Every structure is written in C-alpha cells, then in structure tokens.
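Visitor: I should like a close look at a single helix of this protein, set against the whole to which it belongs. Please take me through it in one connected account.

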Amino acid sequence: LATAYEHLQRVWTNAPLFLEVDCFLNYLFHEAPGTPSNPYKNLAPQHLTADQRKSLLEKWAMAFRDWPRVKEQEAERVSNMKIIQSILTKKRLDNLDWPTVEALVGQMHSLYSNALARTKFLNPKNNKLSTISKAWLAIVEPGDRPVELILQDASKPFGFGRSSTQELLGWSNPLKYPIRNANTNAGMRFFGYSVRKY
C-alpha cells in the first residue's frame, strides 16, 4: 500500500513515507468525509480488482492531499518522532526515570487516546522502571531477531499492548517499520488487502 501510495503522491517533504501513510489511514478512519475505512475495523476486506483499488486509492489520496490539516499533521508527527527517538537511546534508557517515560508516552497516539491503559502503564505499582527500560531496549537494540520477537519483548510492561509496541517500533525506525494498529488494519481492508489482527 505504501508503494502504491508513493507512486501517486508525496504530500509531506520532511517525514518518512510510513508516517505519511499512517496519517493517511488515520484520516480515512477518523477525518475523511464519511470516514470510509471505519466500518472495516469489523468487516472483511473489500473484493477489488487492481484497477478498482487504484481508482479508490487515487480518490482518497487526493482528498488527503487537500485536507486543510495535512501539513499541520506532518509537523506534529515529525516532532513526535524526534522526541521519541531522542528518548529511545541506550544511554537514556539505562538511566530511565518517570518524567522521561511520561514524556515519551505523551507522544504516543495509542496511550494518549486510551486514558485507562495510560494510567495503568504509568502506575509504579504495575511497572518498574527496569521493566520498561528492558522492554524499550528490545526496540533500540533488536539484533537480528525477527520483528515478532522484538514486539513480544517490548510488550512485557503491564498496559503496554500490541498497538503501543507496534506504534513505538514505527516511531523509532520509520524508514523500516510502519505503525500498525486497528486504524491501519481497517484502512488496509478498505483497500482490499487481507490482514490479520495486529
């Protein structure tokens, strides 16, 4: 999907492709007229021919390009990316403190939009700083392990679920990994791609 989108357009000039596509899919889920991908959070993928998929992508890519908030979203996401990447270093994670954890969490869509999960995650009774540090180091220093194992290790803190781990992986290395969540899955199904639950 990212490749097909890139062949049509790049709206942003300062953000990686995967972050732009993530914003595009989020737009289709929350902001676009009729929120066309939203129903696909619970529906099977559309059955589309290659031409139908291309036509659908062209229509909504152009709508996203003309969305008044599109450049504002780029600035916000580039800022988020820089803050998260500045925290996700071995040096900072080896000396992790709660204000730093809160600063990173404040940039994450999955925890920002889910107050209950955020509260559980940030409660020192539920998570030790050492647990969070070790989990986030799995993303910073993945070695040659498959992405599934990286995500498994990164999701060990209480309240830091699949959406959060996959979002953090995408923010940390957006040239290699897309952000993946329920909105993404709905958008993929809207464009006729078969995806399993994240």
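Guide: Accessible areas here come from the Shrake-Rupley method with a 1.4 Å probe. On that basis, the protein in this predicted model exposes about 10,400 Å², and carbon and sulfur atoms supply 52% of that area. Of its 198 residues, 45% count as buried, buried meaning under 20% relative accessible area.

The protein has 12 helices and 0 strands. Its radius of gyration is 17 Å, close to the 16 Å that the globule rule gives for 198 residues, so the protein is as compact as a globular protein of that length. The C-alpha trace spans about 50 × 35 × 35 Å along its principal axes. Among contacts between residues at least 6 apart in sequence, 64% join residues at least 24 apart.

The part chosen for the close look is helix H2, residues 17–30. At 1.5 Å a residue, its 14 residues should span 20 Å, and the end C-alpha atoms are indeed 20 Å apart, so the two values agree. Helix H2 is mostly covered, with 11 of its 14 residues buried. Leu17, Leu19, Val21, Leu25 and Leu28 are among these buried residues, as are Phe24, Tyr27 and Phe29. The buried set also includes Cys23 and the acidic residues Glu20 and Asp22.

What lies over these buried residues? The cover includes helix H1 (2–8), helix H3 (50–65) and helix H4 (70–87). Helix H11 (162–172) and helix H12 (182–190) also contribute to the cover of H2.

Key
Residues are numbered from 1 along each chain as its sequence is written. This is a predicted model: local features need pLDDT of at least 70, side-chain atom pairs count only at pLDDT 80 or more; totals for chains, interfaces and linings use all residues. Side-chain values use heavy atoms; hydrogens and water are left out. Helices (H or I, at least four residues) and strands (E, at least two) are DSSP runs, numbered from the N terminus. The radius of gyration is taken over C-alpha atoms; the globule rule is 2.2 Å times the number of residues to the power 0.38. Buried means under 20% relative accessible area, exposed over 50%, partly exposed in between (1.4 Å probe, protein chains only). Contact means heavy atoms within 4.5 Å. The expected span of a helix is 1.5 Å times one less than its number of residues.
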